[in-house]
Amino acid sequence: MTTIAERARQLTVTREPFVHATVVRAQDPTSARPGDAAVIRSDGSIEGFVGGVCAEGSVRAAALDTLRDGTALLLRVLPDGETPFPDTPGARVVVNPCHSGGAIEVFLQPMLPAPALRVFGSTPISAAVATLAAFLDFDVVTADDCAGCTAVVVAGLGRGEQEAIRAALDAGVEFIALVASGRRGAALLDELGLTDAERARVHSPAGLEIGARTPPEIALSIMSEVVRAIRVNGLTSTSTSASDASDGRPQQAVDPVCGMTVLVGSETPHTRVDGQDFWFCCAGCLASYLAA
């Protein structure tokens, strides 16, 4: 049987974003215990155990929020009422109206893949870029396929540059750095016959202007521009960027009985009344709604 730790390692290897959820505090009566853990994937599915159906729904909804902003979160799922539970400043609080009356705190840690960088070329500059990128915790891709790369650096210095740029563009890479002089780079891009949108994705001359001369200095200027694009301009991997409901992110709805936020899926309790859809956190809320 695969443990949660093993499953987390598998998702990390395949570069799939997920959230690692760990119960850090629990107050009876509740089915969860400190140390219980789960992984929540970007489609809202959960593997593991962090509590009953109501608590799980709150954890799944909050986990998707952490995937969007990449920030860890302490989630407090409290019962409806005045049951005392130690305060935790900075935590997000949701009220669990289920009948168990328990309370839990769950630490949600988004696990986002390191940005992937593909370097083309066999030159001192390409070697320096690969070395610096690895030091900066980038995933330096060696495969020919650019799919899923955050950025591509073309440092062939006249060898295979057009093919590398075309491959990166076709793979959907949004940031392509071409190591060339302004004049040579412009001529090369003209020969490729790029559209305006494609040309906007190719940055040439590559790197920020810092007066770089040596290959390590040039690599520093290139990686500075890449990091700025990620941290300041919001550049993301084509395979790991946050998506909305139209791109596969699960729809959210509010349970009309208990007010909880639920993720809409094939197994979510549901009814349709007068042409309007309603979703519920559990079968009990659905039954209460239909009875009323």
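**Strands, a pocket and confidence**

Student: Which residue in β15 is the bridge partner of His270?

Tutor: In β15, the partner of His270 is Trp279. Keep in mind that this is a predicted model, where local features need pLDDT of at least 70 and side-chain atom pairs count only at pLDDT 80 or more, while totals for chains, interfaces and linings use all residues. Residues are numbered from 1 along each chain as its sequence is written, and side-chain values use heavy atoms, with hydrogens and water left out.

Student: What makes β14 and β15 strands that pair?

Tutor: Strands are DSSP runs of E with at least two residues, helices are runs of H or I with at least four, and both are numbered from the N terminus. Two strands pair if DSSP finds at least two bridges between them. β14 (residues 270–273) and β15 (residues 276–279) are joined over four bridges in the antiparallel sense, so they pass that test. Their hairpin has two residues between the strands, and Asp274 takes a positive phi near 50° there.

Student: How do you know that β1 pairs with β2 and with β6?

Tutor: Count the bridges again. β1 (residues 18–27) has five with β2 (residues 37–41), and nine with β6 (residues 103–111). Both pairings run antiparallel. Thr22 is bridged to Ala37 in β2, and Val23 to Val106 in β6.

Student: Why do β8 and β11 stand at the edges of their sheet?

Tutor: The open sheet has the order β8-β7-β9-β10-β11, with parallel pairing. β8 (139–141) and β11 (202–203) each have a single partner strand, so one side of each lacks a neighbour in the sheet. For β8, three bridges lead to β7 (residues 116–120), one of them joining Ala116 to Asp139.

Student: How do you know that helix α4 packs on that sheet?

Tutor: Contact means heavy atoms within 4.5 Å, and α4 (residues 161–170) touches β7, β9 (151–154), β10 (176–178) and β11. The direction of α4 makes about 170° with that of β10, on a scale from 0 to 180 degrees between N-to-C directions, with axes fitted to C-alpha atoms and, for helices, over the stretch in contact.

Student: What is noted about the loops on either side of the cited strands, at Asp137 and Pro205?

Tutor: Asp137, in the loop between α3 (124–135) and β8, has a positive phi near 70° although this residue is not glycine. Pro205 lies in the loop between β11 and α7 (215–231), and the peptide bond from Ser204 to Pro205 is cis, with omega near 0°.

Student: What makes the lining residues divide into three classes?

Tutor: Ala, Val, Leu, Ile, Met, Phe, Trp, Tyr, Cys and Pro count as nonpolar, Asp, Glu, Lys and Arg as charged, and the others, Gly among them, as polar. In the second largest pocket, that gives eight nonpolar, six polar and four charged. α2 (53–69) gives the most to this lining, with four residues.

Student: How confident is the predictor?

Tutor: pLDDT is the predictor's confidence in each residue, from 0 to 100. The protein averages 87, and 91% of the residues score at least 70. Over residues 239–247 the pLDDT is below 50, and this stretch has eight contacts beyond near neighbours in sequence.
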